[in-house]
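Me: I am new to this structure and would like a close look at a single part of it, namely the nonpolar core and whatever is built around it. Please take me through it slowly, in one connected answer.

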Amino acid sequence: MPYEKCIIVEGRSDMLKLVPILAEEVKIVYTNGTISEDALLELLEPYEECELYTFFDADQSGEKLRKLMKRIYSEAIHLNVPRTYMEVANAPRKVLAQLLRDANFSVHKEYLI
């Protein structure tokens, strides 16, 4: 079954933080941190037909990736972790669940605030 939605995160720990929250089939791809334009294009090529979402950290490398995504995939929707937590992996699951729900993802009810 092809995925309808794809979330791009920076690292494996970000992916592992989101997986249990989601109550729908979503492809989560991680970049392993800073990535070149060519490597990003290659990584996301299989998912270009999906709705693309980014969920990057609120730091310098996250901003760099966000700018790269905006340039290459201008249609991508950008979810932002609150600066209080700085990193997706550090944010409480309830906060992430609310952000995902606000972006029209189905989330498990036990994670909602």
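**The core and its surroundings**

Reply: In this predicted model, the largest nonpolar core is made of 22 residues, and those with the most contacts inside it are I7, L18, I28, F55, L100 and F105. Two or more residues come to this core from each of β1 (5-9), α1 (12-18), β3 (51-56) and α4 (93-102), and α4 gives the most, with three residues. Apart from this core lies another one, of 15 residues, among them C6, I35, L44 and Y73.

A good residue to begin with is F105, since its surroundings can be listed one by one. Leaving out residues up to four places away in sequence, F105 touches K5, I7, L22, E24, V26, Y53, L79 and L100. Two of the residues on that list, K5 and E24, also meet each other, their side chains forming a salt bridge with 3.5 Å from N to O. This pair links distant parts of the chain, for K5 is in strand β1 while E24 is in the loop between α1 and β2, 19 residues apart. The two partners can be told apart by their accessibility: K5, at 9% relative accessibility, counts as buried, whereas E24, at 26%, counts as partly exposed.

The strands come next. Strand β3 is mostly covered, with five of its six residues buried. With β1 it pairs in the parallel sense over five bridges, and within that pairing I7 has Y53 of β3 as its bridge partner. Strand β3 also pairs with β4 (residues 77-80), again in the parallel sense, over four bridges, and here F56 stands opposite N80 in β4. Between these two strands the chain passes through helix α3 (residues 60-72), and β3, α3 and β4 together make a right-handed β-α-β unit.

Helix α3 itself takes part in further charged pairs. Its residues R66 and E63, which lie three residues apart, about one turn of the helix, meet through their side chains in a salt bridge of 2.5 Å from N to O. R66, at 5% relative accessibility, counts as buried, while E63 is partly exposed, with a relative accessible area of 32%. Another residue of α3, R71, forms a salt bridge with E37, the closest N and O atoms being 2.9 Å apart. That pair joins distant parts of the chain, E37 being in helix α2 and R71 in helix α3, 34 residues apart. Of these two, E37 counts as partly exposed at 36% relative accessibility, and R71 counts as exposed at 55%. A search of the whole structure finds three salt bridges.

Returning to the helices that supply the core, V95, L96, A97 and L100 are buried in α4, and the buried residues of this helix pack against β1, α1, β3 and β4. Just after α4, N104 takes a positive phi of about 70°. In helix α1 the residue to look at is D14, which is buried yet has no salt bridge, the nearest side chain of opposite charge, K17, being 8.4 Å away. Setting aside its neighbours within four places in sequence, D14 is in contact with V9, D57, V88 and A89.

Finally, two loop residues deserve a look for their backbone angles. Most residues other than glycine have a negative phi. N32, although it is not a glycine, has a positive phi of about 60°; it lies in the loop between β2 (27-30) and α2 (37-44) and is exposed, with a relative accessible area of 60%. M86 likewise has a positive phi, near 65°, in a residue other than glycine. This residue, M86, is found in the loop between β4 and α4, and it is partly exposed, with a relative accessible area of 34%.

Note on methods. Residues numbered from 1 in each chain as written. Predicted model: local features only at pLDDT ≥ 70, side-chain atom pairs only at ≥ 80, totals over all residues. Heavy atoms only, no water. Core = buried A, V, L, I, M, F, W, Y, C linked by side-chain atoms within 4.5 Å. Buried < 20%, exposed > 50% of the residue type's maximum accessible area, 1.4 Å probe, protein only. Contact = heavy atoms within 4.5 Å. Pairing = 2+ DSSP bridges. Right-handed = clockwise from strand over helix to strand, strands pointing away. Lys, Arg positive; Asp, Glu negative; His and termini not counted. Salt bridge = Lys/Arg side-chain N within 4 Å of Asp/Glu carboxyl O.
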